[in-house]
Amino acid sequence: MADISAAALSVARSRLAERGAQVEWVVGDARHLRLREPVDLWHDRAVFHFLTESADQDAYLSTLRANLAPGGHVVLATFAQTGPTRCSGLLVQRYDVAGLVERVGAGFELVRGFERRHVTPAGAPQDFTHVVLRRLPADV
Ligand SMILES: C[S@@+](CC[C@H](N)C(=O)[O-])C[C@H]1O[C@@H](n2cnc3c(N)ncnc32)[C@H](O)[C@@H]1O
C-alpha cells in the first residue's frame, strides 16, 4: 500500500492489526512512485482526484504505466460530476466514466465503469465514478 503520508499508512496498518504484516507499506508520492516490481492490480480510491493540474495528472499516469504490468488492471475511483467539489478541504477534479477513461488515455481498455453514491461514516453522501481498466499487453 502506498501513500504520501506516513501517518495515513500508520492508521491503515493499525486497522489491519496482524494482517498488516502481509502488506508492503510504501511512503511515496503517486506522481513519482517506483515500486520494487510491477504490480498486477493498481487500486486508487480518492487519490487521483486530488490532482487538479494537468502536469500532475500526467506524472501520476506515467507512474501508473511504470508500475502496472501489461495485462494488469487498474481500479480508479474519483468524485463524480455530481460529487463534492472538495475532499478533505482540497479542491478536486471530478470525472464521469467517459472523462476518466479519456484522461487515462491510450493503452487501456474499459472493463467496467459506473457511478455509485457512497455515504461516509458521518452520513455525508459522496457520488463516486469508478472505472476498471485493463492495460493492453501491447502497451509497453
Ligand atoms: C481521501 S483519502 C483516501 C484514502 C483511501 N484511498 C480511502 O479510500 O479511504 C486520500 C489519500 O490520498 C493521499 N494522497 C494525496 N495525494 C497523494 C499523492 N500525491 N501521492 C500519494 N498519496 C496521496 C492522502 O495522504 C490520503 O491518505
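This report walks through one helix, the core around it and two unusual loop residues.

The model is predicted, so local features need pLDDT of at least 70, side-chain atom pairs count only at pLDDT 80 or more, and totals for chains, interfaces and linings use all residues. Residues are numbered from 1 along each chain as its sequence is written.

**Two domains**

The chain splits into domain 1 (1–30) and domain 2 (36–135), with bounds that come from an automatic or database domain assignment. Taken over C-alpha atoms, the domain centres are 20 Å apart.

**Helix H2**

Let's start with H2, which covers residues 54–67. Helices (H or I, at least four residues) and strands (E, at least two) are DSSP runs, numbered from the N terminus. The expected span of a helix is 1.5 Å times one less than its number of residues. For the 14 residues of H2 that should give 20 Å, and the end C-alpha atoms are indeed 20 Å apart, which agrees.

Which residues of H2 are buried? They are Tyr-60, Leu-61, Thr-63 and Leu-64. Because they cover an arc of only 155° around the axis, they sit on the same side of H2; that arc is taken from the directions from the helix axis to the C-beta atoms. On the other side, Ser-54, Ala-55, Ser-62 and Ala-66 are exposed. Buried means that 20 or more other C-beta atoms lie within 10 Å of a residue's own, exposed means 12 or fewer, and partly exposed is in between, with C-beta atoms placed from the backbone. The cover over the buried residues of H2 includes strand E3 (39–45), strand E4 (68–79) and helix H3 (97–104).

**The core**

In soluble globular proteins, nonpolar side chains tend to be buried together. Here, the largest nonpolar core has 20 residues, and Tyr-60, Leu-64 and Val-74 are among those with the most contacts inside it. Such a core is a set of buried Ala, Val, Leu, Ile, Met, Phe, Trp, Tyr and Cys residues joined through C-beta atoms within 7 Å. Its largest share, five residues, comes from E4.

Take Val-74: leaving aside neighbours within four places in sequence, Val-74 is in contact (C-beta atoms, placed from the backbone, within 7 Å) with Trp-42, Leu-64, Leu-68, Leu-133 and Arg-135.

**Two loop residues**

Neither of these residues is a glycine, yet each has a positive phi.

| Residue | Phi | Loop between | C-beta neighbours inside 10 Å | Counts as |
|---|---|---|---|---|
| Ala-17 | about 55° | helix H1 (6–16) and strand E2 (26–27) | 8 | exposed |
| Ala-46 | about 65° | E3 and H2 | 17 | partly exposed |

Note on methods:
Two residues are in contact if their C-beta atoms, placed from the backbone, lie within 7 Å.
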